[in-house]
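Hi,

Here is the structure I said I'd send over. Have a look at it first, then read on for my notes.

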Amino acid sequence: MKNRLLPTFLFLAYAFLLLKIMVFKDLPMLRIGHLHLNFGGTQEGEANYIPFKTIWFYLIGSRGMLIGGINILGNILLLVPLGYLMPFATPGLLWKQVLVYALLICMAIEGSQVLLKVGILDVDDILLNMLGIFIGYWIGAKVQQGKSSKKTK
């Protein structure tokens with residue numbers, strides 16, 4: 001239990017930070033050199049219920065390769081830390097359970113954006129966010145396995 005306290009706290013703290021950024025838009029703009037990432041403001045448009053439709057447009061560069069790359073990588077990378085912390089906060093978590101949790105978390109993010117009218121429902125965002133959680137989970141599970149095998153030696 002004691003070993004899970006810090007990862008659980010970090011998981012909840014990062015989830016709160018994601019809510020502030022992705023739902024409440026409390027971080028309106030992030031500047032990295034000449035690159036400006038705009039998280040703030042409301043977005044209007046049609047919802048996307050067709051898997052890979054938005055991803056495809058980003059990959060072919062119809063909205064600019066930089067915008068596409070930032071959107072795809074951003075949707076993945078923002079959720080990697082949550083997935084990474086999962087095996088530490090809840091040891092023994094199976095990939096099927098991670099799938100359910102990832103789907104619920106990502107649907108909650110997208111649903112909150114729609115309800116608060118600060119985003120557009122896009123099934124591709126859910127898929128990319130879920131991929132981020134799975135990548136983080138896989139990395140965290142490998143790190144946890146490495147720590148477990150060192151303890152048994």
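Below is what turned up when I went through the model.

One thing up front: this is a predicted model.

Let me start with N48. You'll find N48 in the loop between β2 (35-38) and α2 (53-59). Is N48 buried or exposed? Its relative accessible area is 6%, so N48 counts as buried, the cut-off being under 20%. The side chain of N48 has a polar contact of 2.7 Å with the side chain of D122, and another, of 3.1 Å, with the side chain of T54. If you skip the neighbours within four places in sequence, the residues in contact with N48 are K53, T54, L121, D122, V123 and D124.

Next, the aromatics. How many aromatic pairs does a search of the whole structure find? Just one. The partners are Y84 and F88, and the pair is tilted, with 5.3 Å centre to centre and 45 degrees between the planes. Why tilted? The 45 degrees between the planes is neither under 30, which would count as stacked, nor over 60, which would count as edge-to-face. Y84 and F88 both sit in helix α4 (residues 80-89), and because they are four residues apart there, about one helical turn separates them. In an α-helix there are 3.6 residues a turn, so residues three or four places apart point the same way. As for cover, Y84 is partly exposed at 28% relative accessibility, whereas F88 is buried at 14%.

That fits into a wider picture of α4. The helix is mostly covered, with eight of its ten residues buried. Those buried residues are V80, L82, G83, L85, M86, P87, F88 and A89.

Now for the nonpolar cores. The largest one has 19 residues, and the members that touch the most others are L18, M22, L79, L82, M86, V98 and I133. Two or more residues come from each of α1 (2-23), α4, α5 (95-115) and α6 (123-152). Which element gives the most to this core? That is α1, with six residues. To see one of the core residues up close, click on L18: leaving out residues up to four places away in sequence, L18 touches V23, L78, L79 and L82. Another core, of six residues, lies apart from the largest one, and its members include Y58, I72, V80 and L128.

If you only have a minute, pull up N48 with D122 and T54, then the Y84 and F88 pair.

Cheers

Definitions and conventions. Residues are numbered from 1 along each chain as its sequence is written. This is a predicted model: local features need pLDDT of at least 70, side-chain atom pairs count only at pLDDT 80 or more; totals for chains, interfaces and linings use all residues. Side-chain values use heavy atoms; hydrogens and water are left out. Buried means under 20% relative accessible area, exposed over 50%, partly exposed in between (1.4 Å probe, protein chains only). A polar contact is a pair of N or O atoms within 3.5 Å; within protein, one must be able to donate a hydrogen and the other to accept it, and residues adjacent in sequence count only if both atoms are side-chain atoms. Contact means heavy atoms within 4.5 Å. Rings of Phe, Tyr and Trp (its six-membered ring) pair if their centres lie within 6.5 Å; planes under 30 degrees apart count as stacked, over 60 as edge-to-face and the rest as tilted. A nonpolar core is a set of buried Ala, Val, Leu, Ile, Met, Phe, Trp, Tyr and Cys residues joined through side-chain atoms within 4.5 Å.
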